[in-house]
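User: Got a new model to go through. Can you walk me through it?
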Amino acid sequence: MRRMIACASVKGAPGATTTALALAVAWPDVAVDEVRPVVVEADVAGGDVAARMSRSHAPGLLDLAAAARRSHPGSVLGAAQELPFGVRAVLAPSGARQCREAVRLLATDGGRVLRGGEEDFGTVVLDVGRVGDFTEGVVAFADVVVLVTRAGVDGLAHVFACREALAAREGRVVLAVVGPCPFPADEIAEVVGIDRVVVLPWAPRSAAALGGVQPGRLRGSGWRRSALLAAAGELAAAVRLVASERAEARAGAEVGVR
């Protein structure tokens with residue numbers, strides 16, 4: 001079954017969509033069991049990528065939600081499009097009402113379409129937007145939550161304020177701090193109670209490419225990788241570590257039950 005990662009925020013628009021796309025670009029492909037991740041826009045407030053890149057949202061989220069009604073829904077890749085910088089993404093319409101119903105169907109489905117069957121592997125990155133409860137909706141099925149916040153005191157204060165809600169994730173949260181940050185990552189981790197913190201720097205050219213403003217393929221690894229994608233690689237490593245720990249704990253629990 002596929003690994004599921006949710007990129008979320010608790011207030012405002014700190015760049016969860018850009019972070020989700022950067023995470024997919026920077027995801028390592030060296031492991032034999034890795035394939036390129038699929039980004040799914042699953043924000044009940046509506047999608048952004050189709051409008052940013054002047055694309056149709058079909059095939060996309062609505063097709064994926066329709067598949068959730070079927071006994072054999074097929075692959076999530078059937079609803080994905082190839083973006084110019086090498087990322088596969090399931091795009092959503094801008095309308096909140098359509099997206100709200102589509103995301104509800106995917107949640108009611110128990111994540112079956114998104115996670116796939118035993119023969120499916122790889123990673124699905126969900127861009128879920130603003131979240132208040134981490135135990136409801138599609139975010140509840142995620143193996144890891146990447147919580148995205150701005151680097152200022154106000155953004156970090158909102159993260160601190162929702163620490164009780166985050167506690168329900170039992171340590172399966174990675175904090176992505178976007179922008180110039182006046183505080184070291186270890187100090188942020190201690191204050192907000194999240195063990196793994198990664199700072200994503202401002203990188204206007206890379207962000208423009210991810211936002212469709214500046215077309216072109218991004219270099220996810222190797223020579224002259226951008227500062228944003230280098231940090232996104234660190235974020236991917238942290239996410240994979242948390243997901244592996246989660247998988248090991250789940251396997252141990254299953255052995256204990258037997």
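Analyst: Sure. One thing up front: helices and strands here are DSSP runs, numbered from the N terminus, with at least four residues for a helix (H or I) and at least two for a strand (E). Also, this is a predicted model.

User: OK. Where does Pro59 sit?
Analyst: Pro59 is in the loop that runs between helix 2 (49-52) and helix 3 (61-67). The peptide bond leading into it, from Ala58 to Pro59, is cis, with omega near 0°.

User: What's going on with the phi of Ser54?
Analyst: Ser54 isn't a glycine, yet its phi is positive, about 55°. Ser54 is also in the loop between helix 2 and helix 3.

User: Is Ser54 buried or exposed?
Analyst: Exposed: the relative accessible area of Ser54 is 70%, and the cut-off for exposed is over 50%.

User: Switching to charges. How many salt bridges are there?
Analyst: Six salt bridges in the structure. One of them joins the side chains of Arg36 and Glu82, at 2.7 Å from N to O. That pair links distant parts of the chain, 46 residues apart: Arg36 is in the loop between helix 1 (16-26) and strand 2 (38-41), and Glu82 is in strand 3 (residues 81-82).

User: And how accessible are Arg36 and Glu82?
Analyst: Arg36 is partly exposed at 38% relative accessible area. Glu82 counts as partly exposed too, at 40%.

User: What about Arg115, which residue does it pair with?
Analyst: Asp143, with the closest N and O atoms 3.2 Å apart. Arg115 is in helix 5 (residues 112-115) and Asp143 is in the loop between strand 5 (123-130) and strand 6 (144-150), so this salt bridge ties together parts that are 28 residues apart in sequence. Arg115 and Asp143 are both buried.

User: Where are Arg104 and Glu101?
Analyst: Both are in helix 4 (residues 96-108), three residues apart, which is about one turn of the helix. Their side chains form a salt bridge, 2.6 Å from N to O. Arg104 is partly exposed, at 42% relative accessible area, and Glu101 is partly exposed at 34%.

User: Now the helices. How many residues of helix 1 are buried?
Analyst: 10 of its 11, so helix 1 is mostly covered. Among the buried ones are Thr17, Thr19, Leu21, Leu23 and Val25.

User: And helix 8, which residues are buried there?
Analyst: Ile188, Ala189 and Val192. These three are on the same side of helix 8, because they cover an arc of only 100° around the axis.

User: What's on the face turned away from that side?
Analyst: The exposed residues Asp186, Glu190 and Val191 are carried on that face of helix 8.

User: What do the buried residues of helix 8 pack against?
Analyst: They pack against helix 6, helix 7 (163-167), strand 7 (173-178) and strand 8 (196-200).

User: At what angle do helix 6 and helix 8 pack?
Analyst: About 40°, with the axes of helix 6 (residues 153-161) and helix 8 (residues 185-192) 9 Å apart. On the helix 6 side, Leu156, Val159 and Phe160 meet Ile188, Val191 and Val192 of helix 8. By class, that contact has six nonpolar residues, no polar and no charged ones.

User: Last one: what follows helix 8?
Analyst: Gly193, which has a positive phi, near 80°.

Terms used
Residues numbered from 1 in each chain as written. Heavy atoms only, no water. Salt bridge = Lys/Arg side-chain N within 4 Å of Asp/Glu carboxyl O. Buried < 20%, exposed > 50% of the residue type's maximum accessible area, 1.4 Å probe, protein only. Axes fitted to C-alpha atoms, helices over the stretch in contact; angles between N-to-C directions. Contact = heavy atoms within 4.5 Å. Nonpolar A, V, L, I, M, F, W, Y, C, P; charged D, E, K, R; others polar. Arc of directions from axis to C-beta.
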